[in-house]
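Work through the exercises below with the coordinates loaded. Try each task before reading its solution.

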Amino acid sequence: MTEPVTGRSYIAQLNRILGLYVLGLVGFVAAMAWAEQRGLSRHWIGPIFLFLTVMMYAVIGVYGRTSDPDEYYVAGRRIPPIYNGMATAADWMSAASFISLSGALYLQGFSGMPGAPGGLAYMLGWTGGFVLVAMLIAPPLRAMKLYTIPDFFQVRFGGDWPRILAAVGAVLCSFTYVVAQIYGVGLIASRLTGVQFEIGIMLGLGGVLLCSFLGGMRAITWTQVAQYVVLLLAFLIPVSWLAYKQLGNPAAPLAYGQQLGKIAEREAALLASDAEKQVIAAYQQKVREYQERLADVPAALERERNEARQRIQELRSRGADVDLIVTASRELLSMPRDEAEARERWSRELRENQERAQPLGGLPRHSLPFAADPQGDEIQQAQYEISRRNFMALLFCLMLGTAGMPHLLMRYYTVPTVAGARASVAWSLLFIALLYLSVPALAALVKFEVMTHLVGSRFDELPAWIAQWARVDASLLSVQDMNGDGIVQFGEVRLGADLLVLATPEIGGLPYVISGLVAAGGLAAALSTADGLLLTISNALVRDLYFQSTGHKASPEQRVILTKFTLLTVALAAAFVAALKPSEILPLVSASFSIAAATFVPAMVLGIYWRHTTRQGAVAGMLVGLAVTVYYLVLHNNALRGLLPQAILVPGLWWGIDPISAGVFGAPMGLIATWAVSLLTRARRAR
């Protein structure tokens with residue numbers, strides 16, 4: 001087996017296949033662009049991109065199908081480091097990185113705003129985490145020749161509880177993460193095909209299952225290599241076009257800094273604009289209206305229902321158009337069904353309008369550090385301090401979460417040697433940097449494009465893409481004439497973080513075929529991560545919980561078959577949760593990293609480098625870290641807070657830290673618990 005793993009002929013063969021694949025992909029995009037110029041409808045372009053890319057991944061999955069345990073779980077440990085680095089980069093470029101990260105930089109600025117830590121924290125945290133992986137974790141794990149992260153805890157500490165807790169932590173963080181990916185799949189598939197969001201989820205899910213169900217890590221690895229090429233081209237083409245269009249230089253990471261000064265000037269002009277001040281006043285009026293409703297919810301709900309019924313009766317009595325009557329009837333049906341739903345909905349809309357009532361529609365000024373001016377008044381200084389604190393907390397959680405994310409660490413089991421694991425991390429960083437260096441550039445270039453071309457246009461001349469995206473999900477995009485002047489103001493445009501990258505080609509005036517390519521890239525990013533996460537969850541449930549805990553006997557092939565069907569069940573459950581649209585992509589992903597950071601990293605690092613770490617210490621650290629993190633996350637989730645006993649509810653944020661950075665409390669507590677309990681249990685043994 002040595003020659004296929006390390007031989008030059010094997011690497012050369014893979015390089016030829018990759019080169020032919022890249023040429024074929026570029027040729028396909030060129031052919032679609034030619035077909036669009038010849039009159040091919042965009043209603044066909046989107047489904048063609050969706051169908052052909054998903055089928056391509058499915059073909060790889062079918063070709064790589066296997067029932068051999070080594071191939072299914074760790075791809076036979078024979079993936080060359082450069083290709084493992086490419087697959088890891090695709091695994092890492094999830095829907096959060098590809099779809100939402102530029103949107104976070106657009107909405108939160110580089111260093112944050114009140115209630116948001118800043119998009120730059122995501123980039124630095126996720127990238128810096130790979131340094132921890134390379135220095136502390138990947139080489140020792142590969143040297144142990146294991147299959148899963150819970151395997152490490154069993155081998156290092158012995159007994160059942162370390163493995164069980166590790167498996168539970170892997171399921172929790174991976175399931176939260178995979179829900180975000182499937183949400184992205186549904187968003188993209190519905191935009192490409194025009195079908196409902198829920199149907200889009202099922203369409204994309206088919207591609208995930210064909211790869212991970214049939215071939216496990218073997219098929220997933222080569223699918224992720226193919227997906228990396230798609231998502232890289234899909235991201236670099238639009239950002240390079242915007243840079244060339246605005247600056248005459250397609251090297252966006254090098255050129256976009258020129259636009260930051262222009263954005264600051266444009267922001268100053270907008271802040272002084274009378275029209276923008278009118279928009280702010282209109283949102284402030286809506287804030288007062290929602291505050292009045294929330295002061296007496298039952299009376300306000302009954303009053304609105306009566307007004308809606310009277311409006312329908314009035315329309316019918318004067319023989320109004322049927323469409324108007326139907327619209328009014330739908331408004332009545334869409335009203336809150338009871339007081340609790342009304343309070344929840346109106347509270348959410350109150351917060352949204354309070355945000356929109358801020359200058360520039362609540363968006364940060366890129367010229368200010370963090371959320372506010374540190375030299376300003378006391379309120380500004382307090383906002384600055386809280387913003388900086390949240391920035392550092394999220395940076396900490398994402399770095400540690402990267403070092404403990406099970407689906408990522410599994411990738412380093414697939415290389416032939418320990419040195420290959422180190423090389424894989426280096427290749428991963430290189431392939432990630434190719435995209436990450438362009439992420440802040442895209443955010444700045446799109447903001448300049450919106451400020452320059454969309455703002456100031458007439459509402460009766462809005463581009464078609466605005467209405468199309470609003471139909472997909474109204475929370476992603478809304479443009480409303482708040483001051484009634486018929487002109488678009490910056491404060492009247494609301495772009496969701498999950499929309500920015502997908503709409504960039506249309507914002508920049510590129511052909512629709514590039515929109516199809518970008519959507520295919522986002523789909524590739526979501527599918528590549530979902531594949532690895534589903535395999536991680538099914539491995540934890542079957543290998544680490546069911547067989548290890550119950551003692552059931554089964555052949556390796558039978559275990560693989562059960563893992564496949566467990567993977568299918570988990571995928572359907574994640575699709576159901578994603579269809580409920582529980583949150584935007586980035587908050588869900590950030591929560592999963594906090595769980596991974598607090599559950600795995602303290603016990604794992606101490607277990608590798610401190611020989612006095614005991615089983616009891618590892619169990620205590622994992623329990624404490626997981627419990628504190630989950631408690632803080634649930635405490636600040638309106639839908640889940642009712643699950644906690646009232647006696648243990650502690651209102652308010654701790655030191656102003658946002659819930660997505662809950663790991664900043666859980667990880668240190670887990671580290672202290674692991675260290676302290678290890679010392680105590682060693683002392684007892686010594687007696």
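**Exercise 1: Contacts and cores**

Task: list the contacts of Phe98, leaving aside its neighbours within four places in sequence.

Solution. The model is predicted. Start at Phe98 and skip those sequence neighbours. The contacts left are Leu231, Ala234, Phe235, Leu435, Val501, Val518, Gly521, Gly522 and Ala525. Next, place Phe98 in its core. The largest nonpolar core has 180 residues. Phe98 is among the members that touch the most others, along with Trp126, Phe153, Leu435, Tyr436, Trp469 and Phe600. Then look at the helices. Helix α23, residues 512-550, gives the most to this core: 18 residues. Finally, check for another core. A second, separate one has nine residues, including Val287, Ala300, Ala342 and Leu350.

**Exercise 2: Thr221**

Task: decide whether Thr221 is buried or exposed.

Solution. Locate Thr221 in helix α10, residues 197-247. Take its relative accessible area, which is 0%. The cut-off for buried is under 20%. Therefore Thr221 is buried. Now list its contacts, again without neighbours within four places in sequence: Ala75, Ile79, Ala87 and Arg411.

**Exercise 3: The second largest pocket**

Task: describe the lining of the second largest pocket and find which helix supplies its largest share.

Solution. Begin with the volume, about 640 Å³. The lining has 20 residues, and Leu14, Ile17, Ile60, Tyr63 and Trp222 are the closest to the pocket centre. Sort the lining by class: 15 nonpolar, two polar and three charged. Then assign helices. α2 (8-37), α3 (42-63) and α10 each supply at least two residues. The largest share is six residues, from α2.

Methods:
Residues numbered from 1 in each chain as written. Predicted model: local features only at pLDDT ≥ 70, side-chain atom pairs only at ≥ 80, totals over all residues. Heavy atoms only, no water. Core = buried A, V, L, I, M, F, W, Y, C linked by side-chain atoms within 4.5 Å. Buried < 20%, exposed > 50% of the residue type's maximum accessible area, 1.4 Å probe, protein only. Helix = DSSP H or I, 4+ residues; strand = E, 2+ residues; numbered from the N terminus. Contact = heavy atoms within 4.5 Å. 1 Å grid on protein atoms, 1.4 Å probe; cavity = no way out; pocket = protein on both sides within 12 Å on 5 of 7 lines; lining within 4 Å. Points joined across faces, edges and corners; volume = space filled by probe spheres on them. Nonpolar A, V, L, I, M, F, W, Y, C, P; charged D, E, K, R; others polar.
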